[in-house]
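Let's take a friendly walk through one protein chain and the ligand it holds. Have a look at the picture first, then read on.

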Amino acid sequence: MTQEEDIAAEAAVEANGPTHSGFVALIGPTNAGKSTLVNRLVGAKVSIVSHKVQTTRAIVRGIAIHDNAQIVFMDTPGIFKPRRRLDRAMVTSAWGGAKDADLIMLLIDSERGLRGDAEAILEGLKEVQQPKILVLNKIDRVNREDLLALAASANEKIAFERTFMISAETGSGCDDVMDYLATTLPAGPWYYPEDQISDLPMRQLAAEITREKLFLRLHQELPYSSHVETEKWEERKDGSVRIEQVIYVERDSQKKIALGKGGETIKAISTASRKELAEILEQPVHLFLFVKVRENWGDDPERFREMGLDFPK
Ligand SMILES: Nc1nc2c(ncn2[C@@H]2O[C@H](COP(=O)(O)OP(=O)(O)OP(=O)(O)O)[C@@H](O)[C@H]2O)c(=O)[nH]1
Ligand SMILES: [Mg+2]
């Protein structure tokens, strides 16, 4: 932005009244559509999405501007009954996100309703002091009667400030959520520069994009036993970038599956990831993926740090 544009933007903000800003934590059961919604509200992909559970592993901040407000969405890992150490770290991180927020948005998959983990999350939310809103997602999948019944039974358990019914996929109802947030968040200066949409470093977002392709392509336990790190990032004179990433798996048998017959699985993952990275970075990408076995990476504190998670004892 040039200096003139900068001054013009400031003048526009002043003409429209004081700025608002705040942190909004999206919490909910795994697979409710939290990351889809954050991407929709930010207007760009900042957090990865898959049809599988437990896709998001650590908090991702997506930053949106609506009218005079800068809204910082905290996409959190879904809350579920943890089993592995990584699970525990993910769930702790989600509740930690809730504690840091100005407002909590509970996202529920309307089709699933309060079955499963939603009930326990409602219980846990009673301990959280901040104002809460209920967002019923995936309304493209249910009928109106069921939706109203679900809204009523959730509101019986917790006094939500407001209830919204949306589809993160189609965008239906999302403007109402943004209007509400923009006027409800406290008056105050913006936390981030106007053009910033995420706090995730590019190397990490690139690793996440590859992990998304892996989630979409591989089945059963493999996605949950794997982890991606960007090892090298080299800008080249011709305007392209060379990226090297390692997919860590826990066992040799998993490595074979990740590679696929004649390397066809890893090739497909690499192609899909490279395509998307080139779009995001707006430059040609040369992506090199390596699969390494690292037994018990799920118990290695360094891997947790890489992911932005605390290491639970
Ligand atoms: N039909 C429909 N599907 C949706 C909608 N929103 C999200 N989904 C789908 O729901 C699945 C899960 O979406 P995510 O955004 O990854 O869910 P999440 O809550 O972030 O999941 P975790 O990170 O695993 O906790 C994906 O297949 C999405 O495409 C919606 O409004 N309608
Ligand atoms: Mg997610």
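A polar contact is a pair of N or O atoms within 3.5 Å; within protein, one must be able to donate a hydrogen and the other to accept it, and residues adjacent in sequence count only if both atoms are side-chain atoms. This is a predicted model, where local features need pLDDT of at least 70, side-chain atom pairs count only at pLDDT 80 or more, and totals for chains, interfaces and linings use all residues. Residues are numbered from 1 along each chain as its sequence is written, chains are lettered from A and ligands numbered from 1 in the order in which they are written, and side-chain values use heavy atoms, without hydrogens and water.

Here are some polar contacts with ligand 1:

| Protein atom | Partner | Distance |
|---|---|---|
| N31, backbone N or O | oxygen of ligand 1 | 3.0 Å |
| S35, polar side-chain atom | oxygen of ligand 1 | 2.9 Å |
| Q54, backbone N or O | oxygen of ligand 1 | 2.9 Å |

On its own, ligand 1 has 660 Å² of accessible area, and the protein covers 93% of this (Shrake-Rupley method, 1.4 Å probe).

Which residues are closest to ligand 1? They are K34, T36, T55, T56 and D140, among 22 that surround the ligand (a heavy atom within 4 Å). This shell divides into four nonpolar, 13 polar and five charged residues, with Gly counted as polar and Asp, Glu, Lys and Arg as charged. Helix α2, residues 34-42, gives the most to the shell, with three residues (helices are DSSP runs of H or I, at least four residues).

Notes. Helix = DSSP H or I, 4+ residues; strand = E, 2+ residues; numbered from the N terminus.
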